[in-house]
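Visitor: I would like a close look at a single part of this model, set against the chain as a whole. Please take the overall picture to begin with and then go to one helix in detail.

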Amino acid sequence: MGILIAIDGVDASGKQTQSELVYKRLTERGIKAKLISFPDYSSDSSALVKMYLNGDFGSDPNDVNAYAASTLFAADRFASYRTKWHDDYKNGTVIIADRYVPSNMIHQASKLDDSEKAHFVDWLYDLEYNIYSLPKPDVTVFLDMPPENAAELMAERENKIDHSDVKDIHERNKAYLTKSYKNAVFVSEKLGWARISCVKDGQVRTIDEINDDIMKIVDPVIDRKNI
């Protein structure tokens, strides 16, 4: 059995950059690793996710309730697992996930009242890990990027679906970004994610500084499994 490392956080927290760097550092050490990303925009399984993020079901994220929206992302993840990395994972590869099940929890639970969030997280945990039988991460790294800093970084970033300057319905909604961040902190504490601060004294830390902190978490996990 392999190792699954999930790197997650709000939009523009550096998930893709940090996932790619973890992959690079592991492979340079001769460790067999595979980098995956969600949503899986290269697959037909992400079609409904793209429609949701493009605003085809409504221009506000709340136009699609948390339970309905989360099933779109979960189905895409199931398809990716069964067709692209199931065998690698079973054969001992280290899988680095740029967003995973925690991303569903971060974004969709933010649509709910505080009194409903814990129930939703438990429901989603059961849906993805038990019903869909997706592997659970050995460690989830939560990149703690405050929304004000994320908004500045997001302004410079292209749309990941069509590489345009048009933001998806999550990214262009500042109130939603703030709610997602507060919810991410809540879920991180509830599920015991490894939390890494991306900002120090009001300034975003360097990519290498953040990555060094990630590797301090990842390396002991790999060592314990003798990979």
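Guide: In this predicted model, a compact globule of 227 residues would be expected to have a radius of gyration near 17 Å, and the chain has 17 Å, which agrees. The C-alpha trace spans about 45 × 45 × 35 Å along its principal axes, and the secondary structure comes to eight helices and seven strands. Of the 227 residues, 52% count as buried, while the chain exposes about 10500 Å², of which carbon and sulfur atoms supply 48%. Among contacts between residues at least 6 apart in sequence, 78% join residues at least 24 apart.

The part to examine closely is helix α7, residues 174-191, whose 18 residues should span 26 Å at 1.5 Å a residue; the end C-alpha atoms of the helix are 26 Å apart, which agrees. Its buried residues are Y176, L177, S180, Y181, N183, A184, V185, V187 and S188. To read such a list, it helps to recall that an α-helix has 3.6 residues a turn, so residues three or four places apart point the same way. The buried residues of α7 pack against three other helices and two strands, namely α4 (101-108), α5 (114-131) and α6 (147-154), together with β4 (139-144) and β5 (194-197). After α7 comes G192, and the phi of G192 is positive, near 70°.

Note on methods. Residues numbered from 1 in each chain as written. Predicted model: local features only at pLDDT ≥ 70, side-chain atom pairs only at ≥ 80, totals over all residues. Heavy atoms only, no water. Helix = DSSP H or I, 4+ residues; strand = E, 2+ residues; numbered from the N terminus. Rg over C-alpha atoms; globule rule 2.2 N^0.38 Å. Buried < 20%, exposed > 50% of the residue type's maximum accessible area, 1.4 Å probe, protein only. Contact = heavy atoms within 4.5 Å. Areas by Shrake-Rupley, 256 points an atom, 1.4 Å probe, with all protein chains shown as cover. Expected span 1.5 Å × (residues − 1).
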